[in-house]
Amino acid sequence: MIPAPDFPPFYPPRRILMGPGPSDVYPEVLAAQAKPTIGHLDPLFIGMMDELRSLLQYAFQTNNPMTLAVSAPGSAGMETCFVNLLEPGDSVIVCRNGVFGERMRQNVERCGATAIVLDFPWGEPVDPTAVEQALKQHPEAHFLAFVHAETSTGALSDAKSLCALAQQYDCLSIVDAVTSLGGVELRVDEWGIDAIYSGSQKCLSCVPGLSPVSFSPRAVERMQNRSRPVQSWFLDQSLVMGYWSGEGKRSYHHTAPVNALYALHESLRLLAKEGLEQAWQRHAAMHQELKAGLEALGLTFVVDEDHRLPQLNTVWIPSGVDDAAIRSRLLQDYNLEIGAGLGDLAGKAWRIGLMGYGAKRENSALCLKALADVLK
Ligand SMILES: Cc1ncc(COP(=O)(O)O)c(C=O)c1O
């Protein structure tokens, strides 16, 4: 027998999460998650899932019937979009201006499709002019994939113009909205987005581990006309939909993460109660306050003001400052987490999140006070 380990229960400290995600979770959401678990085919649970779909449709601003939460984090939402839409031999224009654009490329190639990669400098948005040129040069491409809010750099791309181009050149758009949903303007139907995925742990301030996704009727038609089954059984939407929207009768696909879905329901309910546009405005206003304070400390932003994400403030680490030592002092002395740089920005930048419940004055004030102290 392997001896039984004898550990005390795990009590996490109460941190203030101002990194690139997970963000601070609403107390109401944590409480919702602690409610009694019921069966995932219980009629009451199914009623809750119907509400959840309406709430997701509101957050995405879409009437797409195929709108649901994948039972896994944002990366699974990303994979859901690619594996359901692509088949070997397809060509995809992939815009890469940070870590997550590169992950899109990897997904495309793992589907046996060809990625036509357009590179943009880190910290800059995707340039629609360059995308249009590529669309003209590559009539064989039937998809355009890009990241709306690049969490590795803090840059916001113009999803509306990019999706309009995709439509003009008869491509389906695949959009990463992991960090944008709930934090900045995003209108799936109005902008003509075909496939979109997000994450529960950013501006929705829900617990991590769920990925809202939505597919337009054009995308659904493409899935229905596939010549071969989706290579992933778990992510195959034609099977998952039997559970999320079986006409009057839901069939078992996998055991839903019941309590995590209570949490998502509550976080989206809070978003709807605040109002989407009000939430976008709150993120913008809090960014302005934080920005003024960071600049007063002598810190400068990686991204130009016009393309900056309000919910993710990326600033250069001043020369001579020990990145890891500063972040660890913030954690120890102030219980405050800010994000390290990722990819090309590792060791060079900090990523300071103002996401969802965390986009509030007291967080930005604490962060400025703590940074002023530790940078002294
Ligand atoms: C833009 C973007 N895409 C995808 C992901 C992957 O999401 P997850 O870590 O939830 O799998 C992240 C995570 O930070 C992200 O920021």
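Me: Where is Pro22 found?
Reply: This is a predicted model, so let's read it as one. Pro22 is not in a helix or strand here; look at the stretch that links two elements, namely the loop between β1 and α1.

Me: And which residue is joined to Pro22 by a cis peptide bond?
Reply: Omega of that bond is near 5°, and the bond is cis. It runs into Pro22 from Gly21.

Me: Tyr26 is in that loop too, so which parts of the chain does its aromatic pair tie together, and how far apart in sequence are they?
Reply: The structure holds 2 aromatic pairs, and one of them is Tyr26 with Tyr357, at 5.0 Å centre to centre. Tyr26 lies in the loop between β1 (16–18) and α1 (27–33), and Tyr357 in the loop between β13 (349–353) and α13 (361–375). The pair therefore ties together parts whose separation in sequence is 331 residues.

Me: Is that Tyr26 and Tyr357 pair stacked, edge-to-face or tilted?
Reply: The angle between the planes is 45°. Stacked needs under 30 degrees and edge-to-face needs over 60. With 45° between the planes, Tyr26 and Tyr357 count as tilted.

Me: Okay, on to the ligand. Which side chain has an N or O atom 2.6 Å from a nitrogen atom of the ligand?
Reply: Ser75 has a polar side-chain atom 2.5 Å from the ligand, but the partner there is an oxygen atom. Gln201 also pairs with a ligand oxygen atom, at 2.8 Å. The 2.6 Å pair with a ligand nitrogen atom belongs to Asp176.

Me: How much of the ligand's accessible area does the protein cover?
Reply: On its own, the ligand has 390 Å² of accessible area. Among the residues around the ligand are Phe100, Val147 and Thr179. The share of that area covered by the protein is 85%.

Me: How many charged residues does the shell around the ligand have?
Reply: The shell has 5 nonpolar and 5 polar residues. Asp176 and Lys202 are among the surrounding residues, and Asp and Lys count as charged. By class, the number of charged residues in the shell is 2.

Me: Which residue other than glycine has a positive phi near 60°?
Reply: Look in the loop between α6 (159–168) and β8 (172–176). The residue with that phi is Asp170.

Definitions and conventions: Residues numbered from 1 in each chain as written. Predicted model: local features only at pLDDT ≥ 70, side-chain atom pairs only at ≥ 80, totals over all residues. Heavy atoms only, no water. Near = heavy atom within 4 Å. Polar contact = N/O pair within 3.5 Å; in protein donor to acceptor, adjacent residues only side chain to side chain. Areas by Shrake-Rupley, 256 points an atom, 1.4 Å probe, with all protein chains shown as cover. Phe/Tyr/Trp six-rings, centres within 6.5 Å; stacked < 30°, edge-to-face > 60°. Helix = DSSP H or I, 4+ residues; strand = E, 2+ residues; numbered from the N terminus.
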